[in-house]
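Please open the model in your viewer and keep the selection panel at hand. The stops below are meant to be visited in order.

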Amino acid sequence: MSAAPEPRKPRVFAPDDPALIEEPAAAAGADAAPGDPAAATASADPTVRPTLADLGRRGLRWGTILIATLAGAALLGAGAWFARLVSAALVRDDWVGWTTLVLLLTAGVATLMLGLREIVGFSRLARLHRVKAEAAAAIRERDQKRERKAALRLAGLYARRPELAWSVRRFREHARDVHDAGELLALADRDLLAPLDLEARRLVTASAKRVATVTALSPMVFIAVTYVGVENLRLLRGLATLYGGRPGFIGVLRLANMVLAHIVATGGIAMTDDLLGQFLGQDILRRLSRRLGEGAFNGALTARIGIAAIDVIRPLPFLAATRPRVRDVLGEVLRPMFGVAKKPSG
Amino acid sequence: MRLSDLTETTAGALKSASAALSDLMTPTVRLGVTGLARSGKTVFITTLVRSLLAGGRLPFFSAMAEGRITRAYLEPQPDDAVPRFAYEEHLGLLAKAPPEWPESTRRLSQLRLTIEYTSKLALRRTLGPGRLHVDIVDYPGEWLIDLPLLEMSFPDWSRQAVEDARAPHRRQAAAPWLELISTLDPEALEDEQIALTGAEAFTRYLLAARALDPALSAPGPGRFLLPGDLAGSPLLTFFPLPPAGGSASPRGSLGAMLARRFESYKAHVVKPFFRDHFARLDRQIVLMDALSAVNAGASALADLQRTMEAVLECFRPGANTWLSSILARRIDRLLFAATKADHLHHSSHDRLEAILRLLAEQAIARASFAGAEVKVMALAALRATREAEARSGRQTLPCIVGVPLPGERLGRKVFDGVAEAAVFPGDLPEDAASLLVPPAGAIAPGEDSADASVHFPRFRPPRVSLEAPSGEAPALPHIRLDRAIEFLLGDRLA
């Protein structure tokens, strides 16, 4: 009959048979659910590799090695110079020497803490990334067990967020009634991530607005450019924190790298969708006022980066929730600017 | 075409016209819950209503998940001639200790549920009333098997009934009746006494055939099994009697009298039932208890397939049946549900769906061809079991845990209806068609459960608590009920 090598006969087990393993979600007090310990071990795991770069591992890159070695040499030189400088202060057996020692020690501790924080930040991002990879694999293979694992892990990730308490609870309650492949993650997408998406959109809009305003008002190009850079990094960090992976500084840079790669990779498609109308609109704006045009452009850029960052950071693809679009954000950014634009011209 | 056909068509058209008019005020969805006896119609309706009223756990019913349903309530019974569906009573049975499944339905009943919602579409929000009536009818599944009679003539029906009676698993029950009709001559003069005794023997045979295994799809006519208010009426004093020569019997003969009564049974019992409750459906869910049929073996599955095929034939939205003209409304969404999906582990649900797809193959093809949306799913309107895995040697057996009904058996174990048990019911075959092939050395029904390769015992329902201490109604456990509701009603609540 069936293709199984040995046909499995119907059998009865007593409910207290030790061979029996009940489904985990059936327990009533499953609130401190199986996702939590996994998440805890993930964050405590010190040997986390920064596996963020899912954009393909390439082989040896000679250019990188050249730059790295040169930078290393320069750093060594600077270190030697600095050591000579400091040791001159250290050898003095008076208050200057002691103060220098204390300062150096404090600096050492600070560096250590920064490094630790970087590692923790990386591990958080890596955890997010693992959930993402697992979810992607589960969706690809339509494997329900993996899917359940990924979804519970995701719920564990957000279980301690007070603003998501209700969503997580509801999700765990519903998760027991879901049986088909692909549905559990869709549910997680809708219940857990959709509220975060709203907040993410708000963050992106606010950043884009700030960038647009500062660019339009700043007296020097240099200030504007710096501000755009800083604001974008801040936005990335905010988004990553929102989705559960608060990164350190280097983590943010890494993230920025990925986001740029993402924009480059998907740019062609998005260009027709979003940028065309945007350029047309901004050209008119630029004719009204160069400053305003630049502001709008920078704001649009920030919005683009923000949306791309959401794509990169979000632990699930958009299954049931709607993806925020640059156009929507832009509309909100530009509306007040047009209000401003009308005043000087009319 | 006879005059009554004409008037009926007109009346039907008028009826749908008036329905369309009242739809302008408040849209109404007529939900047809179709299923043979014991396929779970009553439980489905009860939990459907309960979940909508009390806000059940329905994550994939989008209108509810998005929080757009503001209120759902039961309307006072709209039709004074039809009893109301005893929703509270059925729910009460499930809340008893120990809980019980609602009894099999003995009469027709009806319910109107009103859902107040906020539409997602701006146009509908401004124009529409934001209200939807859902009309649901519950009826004895036995009556459903009458629908195919509408297309049959008396000689055809007689021949088929005799053939059915000679099937191996019914032969024993049918023996007295078969013996009786072999002595009768359809050309003989009509005689009321012969009609009475014949009908009685026929009824006894039908009841006996059903008693062997009530889950089996029984041969009809349905009112012989469940007469309702027709008990003893001349409408029921007939029985199949194949005409001698193949042509109709002469006027005044026994055969002619039986044929006449058969025709009036169709005209006075079956047609009104169909006309009032099935002809104007918008959405239909077809519940099939495939698992019981699998339990009972290949012949039962084939029976179920044939019966459902014939029943669903009546719902054909094509031309050239007398009802298609009444069917101004077409059933635009058709859901085939294999009920009692909680009686096996969810990893086997796809196989159960495959079986259902095979059983309803032609109906699915026909409906899709006619342009209706068709979906097949394994469903448990009220989930009676939990899932577990058991290790046995090197294998891991996917089990279900619940309280089997008293008298259910698996292998040598007979359940008492009190103790919980974890059951591995066996693997459904990967190829559903292999179930339709009778195994070598046919076994009589009712005796094969000891060493069958699959057997699904029935379980006691979960205890439904009507109100939690906190005052809110706890949600009922189910399997894919939300998907089913979404498919049946979701677009009307968009």
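Select B:Ala244 and display its surroundings: apart from residues up to four places away in sequence, B:Ala244 touches B:Pro186 and B:Glu187. The model is a predicted one. B:Ala244 lies in the loop that connects helix 10 (222–225) with helix 11 of chain B. Is this residue buried or exposed? Its relative accessible area is 58%, and B:Ala244 is therefore exposed, since the cut-off for that class is over 50%. Add B:Ile181 to the selection: the two residues are 63 residues apart in sequence, while their C-alpha atoms are 12 Å apart in space.

Next, follow chain B to helix 11 (residues 254–277), which contributes nine residues to the largest nonpolar core, the most of any element. This core has 85 residues. To find its most connected members, select B:Leu147, B:Trp177, B:Phe278, B:Phe315, B:Phe336 and B:Leu352, the residues with the most contacts inside it. Centre the view on B:Leu352. Which residues does B:Leu352 contact, leaving aside its neighbours within four places in sequence? They are B:Ala290, B:Leu291, B:Ala338, B:Ala341, B:Leu344, B:Ala378 and B:Leu428. A second core, separate from this one, has 61 residues, and among them are A:Leu255, A:Ala300, A:Leu316 and B:Phe60.

B:Phe60 leads on to the contact between the chains. Colour the chains separately and select the residues in contact: 44 come from chain B and 30 from chain A. Between them, chain B and chain A bury about 3,400 Å², of which 51% is on carbon and sulfur atoms. On the chain B side, select B:Arg57, B:Pro59 and B:Phe60; these lose the most area to chain A, and together account for 17% of what that side buries.

The next stop is a sheet with strands from both chains. Show the ribbon and trace the order 1(A)-12(B)-9(B)-8(B)-2(A): this is an open sheet of five strands, paired in antiparallel fashion. At the edges are strand 1 (11–13) and strand 2 (20–22) of chain A, each pairing on one side only. On average, neighbouring strands of the sheet are turned by 35 degrees against each other, direction ignored. Within the sheet, select residues 395–402 and 421–424 of chain B, which are strand 9 and strand 12; they run antiparallel and are joined by three bridges. Here B:Ile400 stands opposite B:Val423 of strand 12.

Now show chain A alone. It contains ten helices and two strands, and both strands precede the helices when the elements are read from the N terminus. Of its 346 residues, 39% are buried. Of the contacts in chain A between residues at least 6 apart in sequence, 72% join residues at least 24 apart.

Select helix 6 (residues 183–217) of chain A and, in it, A:Asp191. This residue counts as buried because its relative accessibility is 4%. Residues up to four places away in sequence aside, A:Asp191 touches A:Ser167, A:Arg170, A:Phe171 and A:His174.

The last stop is helix 7 (residues 154–165) of chain B. Its twelve residues reach 16 Å from the first C-alpha to the last, close to the 16 Å expected at 1.5 Å a residue. Colour this helix by accessibility: its buried residues include B:Phe154, B:Pro155, B:Trp157 and B:Ser158, and also B:Ala161, B:Val162, B:Asp164 and B:Ala165.

Definitions and conventions. Residues are numbered from 1 along each chain as its sequence is written. Chains are lettered from A and ligands numbered from 1 in the order in which they are written. This is a predicted model: local features need pLDDT of at least 70, side-chain atom pairs count only at pLDDT 80 or more; totals for chains, interfaces and linings use all residues. Side-chain values use heavy atoms; hydrogens and water are left out. Two strands pair if DSSP finds at least two bridges between them. Helices (H or I, at least four residues) and strands (E, at least two) are DSSP runs, numbered from the N terminus. Axes are lines fitted to C-alpha atoms, for helices over the stretch in contact, and angles run from 0 to 180 degrees between N-to-C directions. A nonpolar core is a set of buried Ala, Val, Leu, Ile, Met, Phe, Trp, Tyr and Cys residues joined through side-chain atoms within 4.5 Å. Buried means under 20% relative accessible area, exposed over 50%, partly exposed in between (1.4 Å probe, protein chains only). Contact means heavy atoms within 4.5 Å. The expected span of a helix is 1.5 Å times one less than its number of residues. Buried area is the accessible area (1.4 Å probe) that two parts lose on being put together, summed over both.
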